[in-house]
Amino acid sequence: MPDTCYLAPSILSADFSRLGESIRQVEEAGADWIHVDVMDGHFVPNITLGPLIVRAVRQSTALPLDVHLMIENPERYLVDFAEAGADHLTVQWEACTHIHRVIQEIHHLGCKAGVAVNPGTPTEFLREILPDLDLVLVMTVNPGFAGQEFIRQSPEKIARARILVEEVNNAAIIEVDGGITAKTLPIAFEAGARAFVAGSSVYGHPQGAQAGLRVLRESLHQHV
């Protein structure tokens with residue numbers, strides 16, 4: 001399993017009236033990826049943004065764009081998000097009828113392919129497609145809203161994902177999303193996560209996004 005770790009601030013919690021500035025703040029603070037949460041109001045009970053915003057984010061940064069499609073029938077929109085500038089396209093296992101075909105299409109578009117599993121979905125369901133995955137995203141909250149608390153059973157689930165990755169595809173990166181703070185990040189790291197999505201703990205930090213990201217980086221460095 002990869003040793004390199006990645007911090008991916010989620011713009012879901014950013015100030016959209018100053019989106020470019022919000023991205024530059026975390027980029028200057030050492031962000032590795034920019035995470036973009038796409039929600040359709042059907043798969044999850046919230047509506048966020050689409051390819052136009054991804055295109056605007058692409059124009060604001062050269063960092064990899066980690067785009068998470070929490071939408072029904074994501075295969076209909078893969079081309080749009082790839083053309084908008086996504087580097088990683090992660091779809092929800094629960095939203096795809098023909099998941100292997102979707103992964104193939106993501107790779108055909110030149111993006112890294114990820115599959116996310118919700119808290120109630122066993123990671124074992126990924127076994128058959130794991131050889132073709134670049135990212136395994138373990139949701140540590142139920143998707144749909146920022147600011148939720150890290151589900152306490154998540155470390156055990158991340159550990160099961162780590163065992164599966166080590167058995168099947170040791171190059172895949174385990175990513176976590178939901179309730180990631182300076183306290184929960186080390187727990188997720190010890191369980192096997194190597195990419196960490198954080199929104200509220202970065203953009204909601206009382207001293208600003210740069211301070212929020214630095215706190216996460218310091219917490220990570222203490223355990224690497």
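The following exercises, each with a worked solution, concern the predicted model shown above.

Residues are numbered from 1 along each chain as its sequence is written, and side-chain values use heavy atoms, with hydrogens and water left out. Because the model is predicted, local features need pLDDT of at least 70 and side-chain atom pairs count only at pLDDT 80 or more, while totals for chains, interfaces and linings use all residues.

**Exercise 1. Describe how helix 1 packs against helix 8.**

Solution.
1. Locate the elements: helix 1 covers residues 19-28 and helix 8 covers residues 209-221. Helices (H or I, at least four residues) and strands (E, at least two) are DSSP runs, numbered from the N terminus.
2. Take the geometry: the angle is about 35 degrees, and the axes are 8 Å apart. Axes are lines fitted to C-alpha atoms, for helices over the stretch in contact, and angles run from 0 to 180 degrees between N-to-C directions.
3. Assign the hand: the crossing of helix 1 with helix 8 is right-handed. That term applies if the near helix is turned clockwise from the far one by less than a right angle, and left-handed applies if anticlockwise.
4. List the contacts (heavy atoms within 4.5 Å): helix 1 contributes Q25, V26 and E28, and helix 8 contributes A209, Q210 and L213.
5. Classify these residues: 3 are nonpolar, 2 polar and 1 charged. Here Ala, Val, Leu, Ile, Met, Phe, Trp, Tyr, Cys and Pro count as nonpolar, Asp, Glu, Lys and Arg as charged, and the others, Gly among them, as polar.

**Exercise 2. Determine whether helix 6 is largely enclosed, and identify what covers its buried residues.**

Solution.
1. Apply the accessibility classes: buried means under 20% relative accessible area, exposed over 50%, and partly exposed in between (1.4 Å probe, protein chains only).
2. Count the buried positions: since 6 of the 8 residues of helix 6 are buried, the helix is largely enclosed by the rest of the structure. The buried residues are T184, L185, P186, A188, F189 and A191.
3. Identify the cover: it includes strand 1 (6-9), helix 5 (154-168), strand 7, strand 8 (195-198) and helix 8.
4. Inspect the end of the element: G192, just after helix 6, has a positive phi of about 135 degrees.

**Exercise 3. Characterise the surroundings of T184 in helix 6.**

Solution.
1. Establish burial: T184 counts as buried because its relative accessibility is 12%.
2. Find the contacts: beyond four places in sequence, T184 touches F150 and G179.
3. Examine the polar atoms of its side chain: one lies 2.7 Å from the backbone oxygen of G179, and one lies 2.8 Å from the backbone nitrogen of T181.
4. Compare sequence with space: T184 and P155 are 29 residues apart in sequence, with a C-alpha to C-alpha distance of 9.4 Å.

**Exercise 4. Place F196 within the nonpolar interior.**

Solution.
1. Define the set: a nonpolar core consists of buried Ala, Val, Leu, Ile, Met, Phe, Trp, Tyr and Cys residues joined through side-chain atoms within 4.5 Å.
2. Find the hubs: the largest core has 64 residues, of which I11, V67, L69, L89, V91 and F196 touch the most other members.
3. Trace the partners of F196: leaving out residues up to four places away in sequence, they include Y6, L7, V176, I180, L185, F189 and L220.
4. Note the separate set: a second core of 6 residues includes A8, W33, L135 and V197.

**Exercise 5. Compare the loop residues T61 and N118 by burial and by side-chain polar contact.**

Solution.
1. Locate both: T61 is in the loop between helix 2 (51-60) and strand 3 (65-70), and N118 is in the loop between strand 5 (112-117) and strand 6 (135-139).
2. Establish burial: T61 is buried, at 7% relative accessibility, and N118 is buried, at 15%.
3. Identify the polar contacts: the side chain of T61 pairs with that of E27 at 3.3 Å, and the side chain of N118 pairs with that of Q92 at 3.2 Å. A polar contact is a pair of N or O atoms within 3.5 Å; within protein, one must be able to donate a hydrogen and the other to accept it, and residues adjacent in sequence count only if both atoms are side-chain atoms.
4. Complete the neighbourhoods, not counting residues up to four places away in sequence: T61 touches I23, E27 and I34, while the neighbours of N118 include F43, E94, M139, P143 and K157.
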